[in-house]
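Trainee: Could you take me through one part of this model slowly, and show me how that part sits within the whole chain?

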Amino acid sequence: TTNFHPALKDPWTISDISLPFLDLTISIAGDRLLTDIYYKPTDSRGYLDYIYSHPASCKDSIPCSQFLRLYRVCIQDEVFHTRALEMSSFFREQGLPSSTIDEAL
């Protein structure tokens, strides 16, 4: 990409045990593949602000769908719980009520 435009840089991270791919980090642990969520460096974690005039069902469905995505991606329970707490803080920063976040979990 640097040959295409000097401002573009290759975001590749080279590792023998893990690889970021789309929104996943794929790791090798023994004879198993493990997956975790991957946030690209440019990800602002900006979800729909709760004060916007969207239907409540639309705003309330965002945490539910994102936690479901985490559950599908994170194979290990402890990784899911860690990432769910992390994502909960993202939602709180966007002004979502704690009751909506807790209900989605």
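**A close look at helix H2**

Mentor: The accessible surface of this chain comes to about 7,600 Å², and 58% of that surface belongs to carbon and sulfur atoms. Please keep in mind throughout that the model is predicted. Of the 105 residues in the chain, buried ones make up 28%. The secondary structure consists of 3 helices and 3 strands, and reading along the sequence gives the pattern β-β-β-α-α-α. Contacts can also be sorted by separation: among those between residues at least 6 apart in sequence, 44% join residues at least 24 apart.

With that setting in place, we can turn to helix H2, which covers residues 77–93 and so has 17 residues. From its first C-alpha to its last, H2 reaches 25 Å, which is close to the 24 Å expected at 1.5 Å a residue. The buried residues of H2 are Val79, Phe80, Ala84, Met87, Ser88, Phe90 and Phe91, and these buried residues pack against strand E3 (32–37), helix H1 (56–73) and helix H3 (98–104). Just after H2, Gly95 takes a positive phi of about 90°.

Two cysteines also deserve a careful look. Cys74 counts as buried because its relative accessibility is 4%, which is under the 20% cut-off, whereas Cys64, at 42%, counts as partly exposed because that value lies between 20% and 50%. The count of disulfides in the model comes to 0.

Terms used:
Residues numbered from 1 in each chain as written. Predicted model: local features only at pLDDT ≥ 70, side-chain atom pairs only at ≥ 80, totals over all residues. Heavy atoms only, no water. Disulfide = S-S within 2.5 Å. Buried < 20%, exposed > 50% of the residue type's maximum accessible area, 1.4 Å probe, protein only. Helix = DSSP H or I, 4+ residues; strand = E, 2+ residues; numbered from the N terminus. Contact = heavy atoms within 4.5 Å. Areas by Shrake-Rupley, 256 points an atom, 1.4 Å probe, with all protein chains shown as cover. Expected span 1.5 Å × (residues − 1).
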